[in-house]
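I opened a fresh page for this chain and went looking for its surface, its fold and its charged pairs. Here are my notes, in the order I looked things up.

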Amino acid sequence: MSLSKLGVLLGVIGISFTSGSVLAQETERFVTVGQTSDGLTINLDTQSIRDTRYKLYFPYGTGIAESTFNASCGESRLFLLGTALYSDSGKLLVESKKSEEVGYIQKSPPGQAMALVCRRIGARGW
């Protein structure tokens, strides 16, 4: 595993965000965009944003889950590009590159992240 990937995972593990506006935290490396059903934070890695592609991280078991999304801002469509599960030591356990449209839901964590990404690139209507 690359050192930068391990750094991201360790950073996510150590981050504890309080609730707040995504816009107010836009300059942060990790921005909380929601919570899991267990109340654990879901974080957008702002350094992972490439055009309209971005990654969300959240605790999963004793490790970290990573989901990669691509937003179609003009059409308000959202696509899941893949998922990965990492152990608490940063070792890749499972990876799926299955791509599928997941639909844009404004108040969902992927939707909150999509809104931030679309605003960041200056997409019309955002």
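**Surface.** I started with the accessible area of this predicted model. The chain exposes about 7100 Å², and carbon and sulfur atoms supply 50% of that area. I then asked how much of the chain is buried: 41% of its 126 residues count as such.

**Fold.** Next I looked up the secondary structure and found two helices and seven strands. Reading along the sequence, I wrote down the pattern α-β-β-β-β-β-β-β-α. For contacts with a separation of 6 or more, I noted that 35% join residues 24 or more positions apart.

**Charged pairs.** How many salt bridges does the chain have? My count came to five. A reminder to myself: side chains of opposite charge can pair when their charged atoms come close.

**D45 and R29.** This salt bridge has its closest N and O atoms 2.7 Å apart. I checked where the partners sit: D45 is in strand β2 (residues 41–45), while R29 is in the loop between α1 (3–14) and β1 (30–35), so the pair ties together parts 16 residues apart in sequence. Is D45 buried or exposed? With a relative accessible area of 2%, D45 is buried. R29 counts as partly exposed, at 28% relative accessibility.

**K55 and E66.** I found the side chains of these two meeting in a salt bridge at 3.8 Å, N to O. K55 belongs to strand β3 (residues 53–60) and E66 to strand β4 (residues 63–72), so I logged this as a link between distant parts of the chain, eleven residues apart. For burial I looked at each partner in turn. E66 is buried, with a relative accessible area of 5%. K55 has a relative accessible area of 22% and is partly exposed; the cut-off for buried is under 20%, so K55 does not make it into that class.

**E95 and K97.** Here, too, I have a salt bridge, with the closest N and O atoms 3.8 Å apart. Neither partner went down as buried in my notes: E95 is partly exposed at 46% relative accessible area, and K97 counts as exposed at 67% relative accessibility.

**A network.** Which residues are linked in a network of salt bridges? I wrote down E75, R77 and E101.

**Last jotting.** For a second look at the buried partners, I would turn to D45, at 2%, and E66, at 5%.

Notes
Residues are numbered from 1 along each chain as its sequence is written. This is a predicted model: local features need pLDDT of at least 70, side-chain atom pairs count only at pLDDT 80 or more; totals for chains, interfaces and linings use all residues. Side-chain values use heavy atoms; hydrogens and water are left out. Helices (H or I, at least four residues) and strands (E, at least two) are DSSP runs, numbered from the N terminus. Buried means under 20% relative accessible area, exposed over 50%, partly exposed in between (1.4 Å probe, protein chains only). Contact means heavy atoms within 4.5 Å. Accessible areas come from the Shrake-Rupley method with a 1.4 Å probe; for residues, only the protein chains shown count as cover. A salt bridge is a side-chain nitrogen of Lys or Arg within 4 Å of a carboxyl oxygen of Asp or Glu.
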